[in-house]
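Visitor: I have a structure open and would like to talk through its pockets. Can you go over them with me?

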Amino acid sequence: MTFDVAAVLQQLTLAEKAALTSGSSFWLTRPIERLGVPAIMMCDGPHGLRSQSASGRGLVNEDELTATCFPTASALASSWNPALARQIGVALAQEARARKLSVILGPGINLKRSPLCGRNFEYFSEDPVLAGELAVGMVDGIQSGGDVGASVKHYAANNQETDRQRIDVRVSERALRELYLAGFERVVRASRPWTVMCSYNSVNGTPASEHHWLLDEVLRGEFGFDGLVVSDWGAVYDRVPALRAGTDLEMPPLLPHSPDAVVAAVEAGELDAAVLDARARTVLELVAKGIGVLDREETFDADAHHALARAAAAESVVLLANDDALLPLPATGSVAVIGEFARTPRFQGAGSSEVNPTRVDLPLDALRSRFGNLTFAPGYLLPDGPDADPAELRRQAAAAAAGADVAVVFIGLPDLDESEGFDRVHLDLPADQLAVLAAVARRNPRVVVVLVNGAPVDLRPVLPHARGLVEAWLGGQASGGAIADVLSGAVNPSGRLAETLPLRLQDNPSYLNFPGGDHIVDYGEGIYIGYRAYDKAEQDVAFPFGFGLSYTTFDLTNLAVDISGTAADDSLRAAVSVTVTNTGDRAGAEVVQLYLRDPECAVDRPIRELKGFAKVALEPGESTRVTIDLDARAFAYYSERFGRWVIEAGEFVVEIGRNSRDIVLAETLHIDAPPVTAPLGRLSTLFEWVADPVGRELLTEAIAGGQAPAVILEPAFLRGMGTQPMRSLAAFAGGGVELEALDVLIARWRERTGR
């Protein structure tokens, strides 16, 4: 099934063009049957298809079909493995073809500004490089077959659920450029996703769906996006300005209001017909790419996808503590498994990404298959569970633990604590679960805690009792088997934290500005979210960004940096190489993390920023050479003053770390770059004149010629008056350059610099 986009566009009526820019139902685009244009179907699915039949009624799931529930984004991000994300993307596309679905609404790459965001389990990281690279992997996988597309979301600055449809995010352009837009830029440039989904919120006073600067100037103009912008479901508040700004497709459609409003605006001359043509063309192009699934009869191997989900979940587990090498557990010992989560697992979050799984592995069953001498006690109740005496449950759990070599305690957040639609208000684990953990630890100090959660929790009550601590996240339908694989040693844990685990909620940099009020939230922390803030403030944390242990050990040696190109023409490149050696007695995988520092800069910069990473699997004693490439952007910051990315000449430090606070190797580089100065003028400060080589030379000449007082170059005067604009100093008798003489200096500066 095919059609000619240009030919169809020429034959469309005004009403048909307008209709195309709004869907026909909750999941379907608008068909134009007389011209052979079918409808294509979209579906939720960042970590598994929330697939319904074409007649599905949106949020009502009674006809929802089964699909593989892969690890949620917060789990998958801890794998630090874009290739794994690509494998999952390929599997998602296979399942989409089997359901005749053309567009998968995901991945979500919004940054984790606050650990309280209720949708954090759907997002990858607090860092845009890590989030962007994982998104590249997933989008490449989804779109590898050429007939299923991805929808990268939610563009932009959608970092909370509270008042999400009305909240106005007040954020600096630098923070937008360096953080909140950076992941989108990375995936758009590298993977050309079919669609980008705009968010509900406003950004600096304008709804994202009506934000011409975000959609047309930045996304399309600067990033080179050539696909379709679709609204988040219900994120269009006024169809005509949204269409004019760059939102091609409104979903779900507000019928007949939206198409009628577009027709009326064109007829009244309020909307350029060429703009409508461009939006209709983009919709037709999407349909033309997505109709291939309609002609295919395809199935997928549910068992193979379950196996992939299990492998992905195991690779996403982060080993946080392993005192005295308590893990992996020996097969011959006795194990007490404590916690209802082992029997009634929580493996995904709630909301639009909730998947009806093909099957679910129970951790308790998987552990029983590994350990013959195993006892179980539920320990605590889950919401909506059967009635029981909490004190008696704790007593039974403590008794079971007392008779075992090791107690494995499952604790985490209940379903109702994490969901799309609302934010958390604290980081606390349920009190009854913590009481069970304490009771078990009193009877048996050999405790392994398995955490089941989509976002950080307060670990202060946990750490004193946990000799082994395993962050299992929400690992999807196969997470039960994956947890057993890691605890038993069948899989060597290689996960690394994709977000900082703070000690307290109050330590988070967004604490004083989350979630805002009066429909406004100020991103007052600017560029300092996550580890950028914790490390800059030397703030104690539970576990730093990038942290994770293994059952083996690795050495990182022989750092080398090869520089090529120049900053002047954006050709600057750095190839950073390091040797990785498995020095232990087990096969395992190490994540090489490359951070960059700018020790001295005209603007404030983080202590270090992740600029690249690589994951490498090695046998015992095996070594390999890993190279990570940096481009010019890695060295730059975004200057709001100059309205562009800036590289300052000087020293940079390349760091190789195991996490953001464990730097193993470092090398200092000198980067040459053009001077970062604005043209000198009347309002340039004395400091700026002195810092500019030509400006200082001119001032020196003016002093020698009697046109300027010598005092202006004296250190004491500079300390006190250096921040004064030269125009203001002209009014200080004997302390500045007279206005006429200053204008002469400005003219001479322009002549000498050509600026």
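The chat below covers two pockets and one threonine.

Guide: This is a predicted model, where local features need pLDDT of at least 70, side-chain atom pairs count only at pLDDT 80 or more, and totals for chains, interfaces and linings use all residues. Residues are numbered from 1 along each chain as its sequence is written, and side-chain values use heavy atoms, with hydrogens and water left out.

Visitor: How much space lies in the largest pocket?

Guide: About 930 Å³. A pocket is an open set of points on a 1 Å grid over the protein atoms alone, where a 1.4 Å probe fits, with protein on both sides within 12 Å along at least five of seven lines. The volume is the space filled by probe spheres set on the points, which are joined across faces, edges and corners.

Visitor: Which residues are closest to its centre?

Guide: D631, A632, R633, A634 and A636, out of 38 that line the largest pocket. Lining residues have an atom within 4 Å of a point.

Visitor: And the second largest pocket, what volume does it have?

Guide: About 570 Å³. The second largest pocket has 26 lining residues, and A602, E648, V676, T677 and A691 lie nearest its centre.

Visitor: New topic. Is T21 buried or exposed, and why?

Guide: T21 counts as buried because its relative accessibility is 0%; buried means under 20% relative accessible area (1.4 Å probe, protein chains only).

Visitor: What is T21 in contact with?

Guide: Beyond neighbours within four places in sequence, the contacts of T21 include R239, L243 and D248. Contact means heavy atoms within 4.5 Å.

Definitions and conventions
Buried means under 20% relative accessible area, exposed over 50%, partly exposed in between (1.4 Å probe, protein chains only).
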